[in-house]
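Colleague: Please show me the sequence and the structure, and then let us discuss the packing and the charged pairs.

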Amino acid sequence: MPVTWIILAAIVLLSVSGGPACLLSQRLGVLASGCVCLGLFPSLAAAPLESATRAWAAAPATAATSIAVLVPLGRISAMGLVMIAALAPLGWIATIALRSRAVAAASWDCGYAWPTIRMQYIGSSFGSTLVDLFGALPWPRTHTLAIYGLFPPAASFKSVVADTVFDRLVLASLRLAGRYLPILRVFQQAQMQSCVLYVLTILIVQLVWGATGVQS
Amino acid sequence: MTAIAIHLLLLLAMPPLLAGVINKTKARFAGRVGPPLLQSYYDLIKLLRKDMVLSTTTTWVFRLAPAVTLVTAVLAGLMVPMGRFDAPIAFTGDLIFFAYLLGLARFFTASAALDTGSAFEGMGAAREVTFACLSEPAVFFALLVLARVSGSLSLTGMLHGPVGGFPAVAAAPLILVAIGLFVVLLAENCRIPVDDPNTHLELTMIHEVMVLDHSGPLLGVILYAAALKLFVFGALLLHVIAPFQTGALWADWSLFVAEMLALAVAIGVVESVMARLLMRRVSYLLTGALLFCGFGFLLLVR
């Protein structure tokens, strides 16, 4: 497979040589082209890779199964080419779409021209339908000041959706731990003799456990 | 190679025809002549030749989203086999890739809608992702059923089924999955009773409201991608409801095209005899689809 060797060597040489005159983008371009080439035609690299692995493993040429048998390299090439064939016309359409003349205007406003930040859709509004649908899980808390009369003097609405896992599970667990775990401090008061006593106790327990285990 | 070429040809050329068949069916039901079958092609060509109107609040996300939607739809279409023929792209675990391709398209469509800063389009994006929370698990359950029945983790293997056809024990789960997938097809492709692609009232729209600001070529790309998505879901569903084959190459391709057109007629009939559901009831319908697919899976693992 000399052709394969020549292609691989050319890619490597072109990407590392050229000196300062060769721009980084050009080197990266060569490397990227090589990657695309190998991605589309992996069978090109199979033969050199195979001979290298055989030389490294010191195995005879007939001992190991060929990579081309183990991996459907031809199918990978076919899939890549099909993908390119399918996406090429789309690229043409996208080029038309992106290059066509555009006229600047305001967003579709339905009466509210030039929307400001206060008019725009906020994250809370975006998630409200989800929160309503799965209300039992996020468990939103809303505070509403009901309006009354023809000209209500004040109205307010506040909705807080807590992070169910963090706020209601992790933080709540840590709060409980912070409240009750200090009780365990009675066992450990930074005294060396207490530590030695615990170690000794555990060793004795393990010895008894091991001894009973051996007998059984 | 011939099968791959025909697959590509059908995938890229046939989808707009489905919209024409659906519209023609609806027109016949309403006693009208209706637009020509090829009207969608004319519309696409017209849109591609027009200029665009871009909102001043939009960024590159707005322009990129239609391209991403189109590419993901084509890639998804290359992974779903048509009729008895293998898909051009197939590998173990491609069902996950397929599902996330559709998810990626949804993410970019919703992002483009939010990018406009319009409250209406944000509302549509919120509805879209809300209903996706129900339709995506339904699709996953359906794929799990097919994987369990066929013993394959590749879409091609799953949809072709085991050698000798699907076993009798899989009949009940497959019927449930077929019902669930049909509902998901209607929801994911903005068809009645979930959404109405012809409506012009922002407050009631889901998908259409998200693309209100797109115009000209960008709108054309979006409409084409939507047609592709309908085609892909249709090809997926046909494997469950009509896994027929004759054994002859051209007869099987013709059979697939006929089945796809029949499915478009069925969608047109559903749209003609049903009204749109209230928005709050759409979630009930999709929950029903999810339960159908979930029960199908439970029947298999019991």
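The exchange below takes up confidence, the core, one helix and the salt bridges.

Modeller: This is a predicted model, in which local features need pLDDT of at least 70, side-chain atom pairs count only at pLDDT 80 or more, and totals for chains, interfaces and linings use all residues. Residues are numbered from 1 along each chain as its sequence is written, chains are lettered from A and ligands numbered from 1 in the order in which they are written, and side-chain values use heavy atoms, without hydrogens and water.

Colleague: Which element of chain A has the highest mean pLDDT?

Modeller: The pLDDT is the predictor's confidence in each residue, from 0 to 100, and chain A averages 78. Helices are DSSP runs of H or I with at least four residues, numbered from the N terminus. Helix α1 (residues 2-16) of chain A has the lowest mean, 58, and the highest, 92, belongs to helix α7 (residues 164-180) of chain A.

Colleague: Which helix gives the most residues to the largest nonpolar core?

Modeller: Such a core is a set of buried Ala, Val, Leu, Ile, Met, Phe, Trp, Tyr and Cys residues joined through side-chain atoms within 4.5 Å; buried means under 20% relative accessible area, exposed over 50%, and partly exposed in between (1.4 Å probe, protein chains only). Of its 81 residues, B:F231 is one of those that touch the most other members. With 13 residues, the leading contributor is helix α10 (residues 216-241) of chain B.

Colleague: Is B:H214 buried or exposed?

Modeller: B:H214 is found in the loop between α9 (207-210) and α10 of chain B. Its contacts (heavy atoms within 4.5 Å) include B:F62, B:P66 and B:I222. With a relative accessible area of 5%, B:H214 is buried.

Colleague: How many residues apart in sequence are the parts that B:R276 and B:D195 tie together?

Modeller: Side chains of opposite charge can pair when their charged atoms come close. A salt bridge is a side-chain nitrogen of Lys or Arg within 4 Å of a carboxyl oxygen of Asp or Glu, and B:R276 and B:D195 meet in one at 3.8 Å, N to O. B:R276 lies in the loop between α11 and α12 (279-301) of chain B and B:D195 in the loop between α8 and α9 of chain B, so the parts tied together are 81 residues apart.

Colleague: Which member of the pair B:R106 and B:E136 is buried?

Modeller: The closest N and O atoms of this salt bridge are 3.3 Å apart. B:E136, at 31% relative accessibility, counts as partly exposed. At 10% relative accessibility, the buried member is B:R106.

Methods. Helix = DSSP H or I, 4+ residues; strand = E, 2+ residues; numbered from the N terminus. Lists of a residue's contacts leave out its neighbours within four places in sequence.
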